[in-house]
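Good morning, and thank you for making time for this presentation. I would ask you to keep the model in view while I go through its sheet, its helices and a few chosen residues.

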Amino acid sequence: MSTPVVLQVAASPVSPALVLRPWRMEDTAALVEVSRDPALRQWANSVVDNDADGARWVQAQQQGWAAGNRFGFAVLEAQLGSVREQLVGNVVLKEVASGKPAAEVGYWTAAHARGRGVASRALEALTSWAFDTFQADGLERLELLHQVDNLASCRVAHKSRYDFDTILPAAPPSFPRDGHLHIRRTSA
């Protein structure tokens, strides 16, 4: 899929609108800044410490789009009274392949945006787009994995109608603790 995709999430009475778009190199500084958060670093598989790390991470997201198997979206929020948008998170659809019935979703939220429904609203937009775009290629379900002690991710999964399926054993180093597998099917 080489066509850029931009997803819009409408504002609600308590939440500003969100824009989900592919990552760009100009997002690097904001990525480095939000990546300093210890809570985010606890759950992240890759560490972004500086501009070089950030550029490599953004390039990896762009390569996923080019390959058509990983679709990472920067989640941006409009700033009140400004035309600027602020980075508030990331959502990703990964392991997509024609004829494969399952793909995986993931997300993170910047510290300054937590507790405001950013992850669940962005995940809902990603989920709808994934099923609309890839169901004809055989996509039937989306899988969401998180470590058992990541209670915030568990809340996002439930809020986004991803049903708990099973506990997965740890798989160090990338998944050092047991995890929850949540599933959302096209019929949900």
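Let me begin with a definition: two strands are said to pair if DSSP finds at least two bridges between them. Strands E7 and E8 are joined by 5 bridges and run antiparallel. Please bear in mind throughout that this is a predicted model.

Within that pairing, Asp 163 stands opposite Ile 183 in E8. On the E6 side, the strand covering residues 141-147 pairs with E8, again in the antiparallel sense, over 7 bridges. There, His 146 stands opposite His 180 in E8.

I turn now to the whole sheet. It is an open sheet of 8 strands with mixed pairing, and the order is E1-E2-E3-E4-E5-E6-E8-E7. Which strands stand at the edges? They are E1, residues 7-9, and E7; each has a single partner strand, so one side of each is left without a neighbour in the sheet. From one strand to the next, the twist averages 25 degrees.

Elsewhere in the sheet, E4, residues 85-94, and E5, residues 102-109, form an antiparallel pair with 6 bridges. In this pair, Lys 94 stands opposite Glu 104 of E5.

Next, the helices. Helix H3, residues 51-67, lies across E2, E3, E4 and E5, and runs at about 120 degrees to E3. Helix H5, residues 151-159, lies across E5, E6, E7 and E8, and its angle to E8 is about 15 degrees.

Let us return to E8, where 6 of the 7 residues are buried. His 180 belongs to this strand, which spans residues 179-185. Is His 180 buried or exposed? Its relative accessibility is 15%, and because the cut-off for buried is under 20%, His 180 counts as buried. Leaving aside neighbours within four places in sequence, His 180 is in contact with Leu 144, Leu 145, His 146, Val 148, Cys 154, Phe 164, Thr 166 and Ile 167. The contact list thus includes His 146, the residue that stands opposite His 180.

Two further residues in E8 and E7 deserve attention. Arg 185 also lies in strand E8, but at 43% relative accessibility Arg 185 counts as partly exposed. Which residues does Arg 185 touch, not counting those up to four places away in sequence? They are Phe 131, Glu 140 and Arg 141. The C-alpha atoms of Arg 185 and Lys 94 are separated by 16 Å, and the two residues are 91 residues apart along the chain.

Phe 164 is found in E7, residues 163-168. With a relative accessible area of 41%, Phe 164 is partly exposed. Together with Val 148 and Ile 167, Phe 164 makes a nonpolar surface patch of about 250 Å². Val 148, Phe 164 and Ile 167 also appear among the contacts of His 180.

I close with a loop residue. Where is Gly 68 placed? Gly 68 sits in the loop between H3 and E3. With 22% relative accessibility, Gly 68 counts as partly exposed, because the partly exposed class lies between the under 20% and over 50% cut-offs. Between the C-alpha atoms of Gly 68 and Asn 90 the separation is 18 Å, for residues 22 apart along the chain.

Thank you; I would be glad to take questions.

Terms used
Residues numbered from 1 in each chain as written. Predicted model: local features only at pLDDT ≥ 70, side-chain atom pairs only at ≥ 80, totals over all residues. Heavy atoms only, no water. Patch = residues over 30% accessible without salt bridge, like charges linked within 9 Å, V, L, I, M, F, W, Y side chains within 5 Å. Areas by Shrake-Rupley, 256 points an atom, 1.4 Å probe, with all protein chains shown as cover. Salt bridge = Lys/Arg side-chain N within 4 Å of Asp/Glu carboxyl O. Helix = DSSP H or I, 4+ residues; strand = E, 2+ residues; numbered from the N terminus. Buried < 20%, exposed > 50% of the residue type's maximum accessible area, 1.4 Å probe, protein only. Contact = heavy atoms within 4.5 Å. Axes fitted to C-alpha atoms, helices over the stretch in contact; angles between N-to-C directions.
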